[in-house]
Amino acid sequence: MKIEWGKLLNYPEALQEHQWGSFPSQMLILANDIAEYIDCTKFSGTCYMNIVEHSRSDIVAVCHRDTLGCRIDGIKRNDLKLWKLDIDSFLDRTARSLAATHQDWFNKNIEKIDVFDNLWRLGQYVAYDKQEYPAFIVLTNDSLELLNILRFISITFNKNFLILTPLKAVFNASAEAEILRFTNIFLALEDIFVENSEYGLELSGDVQKTIYNWILQFSPWKR
Ligand SMILES: [Zn+2]
């Protein structure tokens, strides 16, 4: 089954199990809180029910639309579990997939970049010229934010870089121009991973080749 990478855009929000769809459970952890609402059973699809917790053993759901006629008593806390992205596990798997391609060339070094929400450095490639070329991931679907991030990285790191986002739709003409200006690489998670039964996340052969050629151009003999 195809991984629903778009679910990453909810981070750091916690979701009910069914809301994660086919997203791999290996990359999820249980959140501390429980759901504040569930789907309505009476007006299915168009309504929701608020969860009211009178005590840990007395939980009810009350319809948002029909507060008197539509309610469920005796709901179990267990049925209201929420799951959130296990960000450490996810970033580690993603970084390791980059490292697995060219093990000698990639140093995994995960670090949150605080200037923006949901932007991390995964590590850096070390090319034949001994220079470091960083790899980033940002969980956004906002094209303007992506453009600002690309400019920020260019100025702050002053290096060619690779950047990942969950979906390719965020990549518009302005972002493309910014990427091409310095021969950087943009990749969407939905395009680069091949299915792997253990969700070890494995880069497709084409992407490995793209990255390889990108690093090669920083070799002294290529200049
Ligand atoms: Zn309802």
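These legends describe several views of one predicted model.

**Figure 1. The whole chain, with its five helices and 14 strands.**
The radius of gyration of the protein chain is 22 Å, well over the 17 Å that the globule rule gives for 223 residues, so the chain is more spread out than a compact globule. Along its principal axes, the C-alpha trace spans about 75 × 35 × 30 Å. Of the 223 residues, 26% count as buried. Among contacts with a separation of 6 or more, 48% are made by residues 24 or more positions apart.

**Figure 2. The two domains of the chain and the place where they touch.**
Domain 1 covers residues 5–85, and domain 2 covers residues 87–222. Their centres, taken over C-alpha atoms, are separated by 34 Å. In the contact between them, nine residues belong to domain 1 and eleven to domain 2. The side of domain 1 that touches domain 2 is made up of seven nonpolar residues, two polar residues and no charged residues.

**Figure 3. Helix 2, residues 143–157.**
Helix 2 has 15 residues. From the first C-alpha to the last, the helix reaches 21 Å, close to the 21 Å expected at 1.5 Å a residue. Leu146, Ile149, Leu150 and Ile153 are the buried residues of helix 2. Seen down the helix axis, these buried residues fall within an arc of 100°, so they line one face of the helix. Leu144, Ile155 and Thr156 are exposed on the other side of helix 2.

**Figure 4. What covers the buried residues of helix 2.**
The cover includes three strands and a helix. The strands are strand 9 (119–126), strand 10 (132–138) and strand 11 (162–165). The helix is helix 3 (173–181).

**Figure 5. Asparagine 158, the residue that follows helix 2.**
Asparagine 158 lies in the loop between helix 2 and strand 11. Its phi is positive, about 50°, although asparagine 158 is not a glycine. Asparagine 158 has 9 C-beta neighbours inside 10 Å and so counts as exposed.

**Figure 6. Threonine 183, in the loop between helix 3 and strand 12.**
Strand 12 covers residues 185–188. Threonine 183 is a residue other than glycine with a positive phi, near 50°. With 11 C-beta neighbours inside 10 Å, threonine 183 counts as exposed.

**Figure 7. The cis peptide bond between tyrosine 11 and proline 12.**
Omega of this bond is about 5°. Proline 12 is placed in the segment before strand 1 (15–16).

**Figure 8. Proline 24, in the loop between strand 1 and strand 2.**
Strand 2 covers residues 28–34. Proline 24 has 18 other C-beta atoms within 10 Å and is partly exposed. Aspartate 206 is 182 residues from proline 24 in sequence. In space, the two residues are 24 Å apart, C-alpha to C-alpha.

**Figure 9. Lysine 108 in strand 8 and the residues in contact with it.**
Strand 8 covers residues 106–112. Lysine 108 is partly exposed, with 15 other C-beta atoms within 10 Å. Leaving aside neighbours within four places in sequence, the contacts of lysine 108 are Ala95, Arg96, Ala99, Leu122 and Gly123. Glutamate 4 is 104 residues from lysine 108 in sequence, and 25 Å separate the two in space, C-alpha to C-alpha.

**Figure 10. Arginine 121 in strand 9 and the residues in contact with it.**
Strand 9 also takes part in covering the buried residues of helix 2. Arginine 121 is buried, with 20 other C-beta atoms within 10 Å. Apart from neighbours within four places in sequence, arginine 121 is in contact with Asn109, Glu111, Ile113, Pro134 and Phe136. Leucine 9 is 112 residues from arginine 121 along the chain, and the C-alpha atoms of the two are separated by 17 Å.

How values were computed
Residues numbered from 1 in each chain as written. Predicted model: local features only at pLDDT ≥ 70, side-chain atom pairs only at ≥ 80, totals over all residues. Helix = DSSP H or I, 4+ residues; strand = E, 2+ residues; numbered from the N terminus. Expected span 1.5 Å × (residues − 1). Buried ≥ 20, exposed ≤ 12 C-beta atoms within 10 Å, placed from the backbone. Arc of directions from axis to C-beta. Contact = placed C-beta atoms within 7 Å. Domains from an automatic or database assignment. Nonpolar A, V, L, I, M, F, W, Y, C, P; charged D, E, K, R; others polar. Rg over C-alpha atoms; globule rule 2.2 N^0.38 Å.
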